[in-house]
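Colleague: I'd like to learn how to read contacts and exposure in a model like this one. Could you walk me through a few features?

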Amino acid sequence: MAGAVQSPEKELRFTRSGQAVIFWVAAAVLAAVAITLLATSVYRDINPQLPHPAWAALPAALALLSLKLAVQLTRHAYLILTPLGVEIFPFFRPADGMRLVVWQEINSAEANPANTLLTLHHDAAKTSGIHLSLRPVRADRRDLLVKAVLGRAGRH
């Protein structure tokens, strides 16, 4: 298999599971709305003003879309720390827009006190670098991510 990871035990993978929560909840609410609209169709002969059961198709389709997006955000990587460097995957078209920042390019790294922003500096003067929002990563995983990057890149 050409695309297989050479040493998966040597990488740390962080997904957008923090963002996925919103879409999991949206999928559940939209599915409940669709089920409710279908359930009211039983009483249309008593009250013809109730909505037609076909109206359940819209929230059902949106629920499926939210569910698909939630699964994708939960499964696919946002950041991968490898022996080579940090792989950064954008939200849209991650395979095409992936960026690799090798450890030699990183002069230092720092995180804000809340661990919601990680900065990878390319020079000692800290005039160039990359700012990465850590909000897409689950809150309980951010400390591990920051600790791993600071441990490898160093804090200067």
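Modeller: Sure, let's start with a term. A polar contact is a pair of N or O atoms within 3.5 Å, and within protein one must be able to donate a hydrogen and the other to accept it. Keep in mind that this is a predicted model.

Colleague: Okay, which side chain does Thr127 join in a polar contact?

Modeller: The side chain of Asp123, with the polar contact at 2.5 Å. As for where to look, Thr127 sits in the loop between β6 (117–121) and β7 (129–133).

Colleague: Is Thr127 buried or exposed?

Modeller: Exposed means over 50% relative accessible area. Thr127 has 64%, so it is exposed.

Colleague: And Thr15, is that one buried or exposed?

Modeller: For buried, the value has to be under 20%. Thr15 comes in at 16%, so it counts as buried. You'll find Thr15 in strand β1, which covers residues 12–15.

Colleague: What does the side chain of Thr15 reach?

Modeller: The backbone oxygen of Thr74, at 3.4 Å. Thr74 also turns up among the residues that Thr15 touches, leaving out those up to four places away in sequence. That list runs Leu73, Thr74, Arg75, His76, Ala77, Tyr78, Pro136 and Val137.

Colleague: Now aromatics. How many aromatic pairs does a search of the whole structure find?

Modeller: One. The partners are Phe91 and Phe92, with ring centres 4.8 Å apart and planes at 85°, so the pair is edge-to-face. The cut-off behind that label is planes over 60 degrees apart.

Colleague: How do Phe91 and Phe92 rate on accessibility?

Modeller: Phe92 has 65% relative accessibility, so it counts as exposed. Phe91 has 32%, so it counts as partly exposed. Phe92 is in the loop between β3 (85–88) and α3 (94–97).

Colleague: How far apart in space are Phe92 and Ala125?

Modeller: They are 32 Å apart, C-alpha to C-alpha, with their positions 33 residues apart in sequence.

Colleague: Last one: which residues make the nonpolar surface patch of about 320 Å²?

Modeller: Val21, Val25, Val29 and Val33 make that patch. To place one of them, Val25 belongs to helix α1, residues 17–39.

Technical notes:
Residues numbered from 1 in each chain as written. Predicted model: local features only at pLDDT ≥ 70, side-chain atom pairs only at ≥ 80, totals over all residues. Heavy atoms only, no water. Helix = DSSP H or I, 4+ residues; strand = E, 2+ residues; numbered from the N terminus. Buried < 20%, exposed > 50% of the residue type's maximum accessible area, 1.4 Å probe, protein only. Contact = heavy atoms within 4.5 Å. Patch = residues over 30% accessible without salt bridge, like charges linked within 9 Å, V, L, I, M, F, W, Y side chains within 5 Å. Areas by Shrake-Rupley, 256 points an atom, 1.4 Å probe, with all protein chains shown as cover. Salt bridge = Lys/Arg side-chain N within 4 Å of Asp/Glu carboxyl O. Phe/Tyr/Trp six-rings, centres within 6.5 Å; stacked < 30°, edge-to-face > 60°.
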